[in-house]
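Subject: Handing over a structure, with notes on what was found

Dear colleague,

I am passing on to you the structure shown just below, and I would ask you to keep it open while you read. The notes after it go from the whole chain to single residues.

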Amino acid sequence: MAKRLIPCLNRVLVEKIVPPSKTTAGILLPEKSSKLNSGKVIAVGPGTRDKSGNTIPVSVNEGDTVLLPEYGGTEVKLGEKQYHLFRDEDILGTLHD
């Protein structure tokens with residue numbers, strides 16, 4: 001069983017961020033209240049090549065928090081964790097505090 005995945009070309013490995021369903025006091029939160037389809041970038045591929053053979057790097061870096069499309073990506077299970085693989089152009093943007 002593989003323990004590490006390095007994406008090929010312009011693929012990005014993302015671990016989705018699951019918002020808490022309860023507050024610290026134990027109050028249940030509605031599902032839609034804090035739903036933002038986001039994730040943390042775990043690994044990125046080297047990028048694609050243009051017609052002249054130059055590498056076009058991926059636009060996000062490891063550790064970035066990104067906004068993901070509602071549908072798409074490929075589910076990947078490594079060990080006990082669930083990840084998703086997206087193409088670089090499928091990622092909608094990066095999130096900052």
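The accessible surface of the chain comes to about 7200 Å², and 53% of that belongs to carbon and sulfur atoms. Please keep in mind throughout that this is a predicted model, so that every value below is computed from predicted atoms. Of the 97 residues of the chain, 24% count as buried, and among the contacts with a separation of 6 or more, 63% are between residues 24 or more positions apart.

As for secondary structure, the chain has 0 helices and 8 strands, and from the N terminus on its elements therefore run β-β-β-β-β-β-β-β. Of these, 6 strands form an open sheet with antiparallel pairing, in the order β6-β7-β1-β2-β5-β8. At the edges stand β6 and β8 (93-95), each with a single partner strand, so one side of each is left without a neighbour in the sheet. Neighbouring strands of this sheet are turned by 45° against each other on average, if direction is ignored.

Three of the pairings can be followed by residue. Strand β1 (residues 11-16) is joined to strand β7 (residues 81-87) by 4 bridges and runs antiparallel to it, with R87 in β7 as the bridge partner of R11. With β2, strand β1 pairs over 5 bridges, again in the antiparallel sense, and here K16 has G39 in β2 as its bridge partner. Between β5 and β8, which also run antiparallel, there are 3 bridges, and L67 stands opposite G93 in β8.

The pairing of β1 with β7 has a side-chain counterpart, since the structure holds 1 salt bridge, and this is formed by K81 and E15, whose closest N and O atoms are 3.9 Å apart. K81 lies in strand β7 and E15 in strand β1, so the pair ties together parts that are 66 residues apart in sequence. Both residues are partly exposed, K81 at 42% relative accessibility and E15 with a relative accessible area of 25%.

Turning to the interior, which residues make up the largest nonpolar core? There are 9 residues in all, namely V12, V14, V41, V58, V60, V66, L68, F86 and I91. Apart from it lies another core, of 5 residues, including L13, A43, L78 and Y83. In soluble globular proteins, nonpolar side chains tend to be buried together. Within the largest core, F86 may be a useful residue to select in the viewer, because leaving out residues up to four places away in sequence, and taking heavy atoms within 4.5 Å as a contact, F86 touches N10, R11, V12, V14, L68, P69, G72, G73 and I91.

One of those partners, P69, is placed in the loop between β5 (65-67) and β6 (74-78). Is P69 buried or exposed? Its relative accessible area is 17%, and since buried means under 20%, P69 counts as buried although its place is in a loop. Again not counting residues up to four places away in sequence, P69 touches N37, F86, D90 and L92. With regard to N37, the C-alpha atoms of the two residues are separated by 7.1 Å, while P69 and N37 are 32 residues apart along the chain.

The residue that follows in sequence after N37 is S38, placed in strand β2 (residues 38-44). S38 is buried, with a relative accessible area of 8%, and, leaving aside its neighbours within four places in sequence, S38 is in contact with K16, I17, V66, L68 and L95. Two of these contacts, V66 and L68, also belong to the largest nonpolar core.

Finally, one backbone detail deserves a look. Most residues other than glycine have a negative phi, and most peptide bonds are trans. L9, however, has a positive phi of about 50° although it is not a glycine. This residue lies in the segment before β1, and at 48% relative accessibility L9 counts as partly exposed.

With kind regards

Methods: Residues numbered from 1 in each chain as written. Predicted model: local features only at pLDDT ≥ 70, side-chain atom pairs only at ≥ 80, totals over all residues. Heavy atoms only, no water. Helix = DSSP H or I, 4+ residues; strand = E, 2+ residues; numbered from the N terminus. Buried < 20%, exposed > 50% of the residue type's maximum accessible area, 1.4 Å probe, protein only. Core = buried A, V, L, I, M, F, W, Y, C linked by side-chain atoms within 4.5 Å. Areas by Shrake-Rupley, 256 points an atom, 1.4 Å probe, with all protein chains shown as cover. Pairing = 2+ DSSP bridges. Axes fitted to C-alpha atoms, helices over the stretch in contact; angles between N-to-C directions. Salt bridge = Lys/Arg side-chain N within 4 Å of Asp/Glu carboxyl O.
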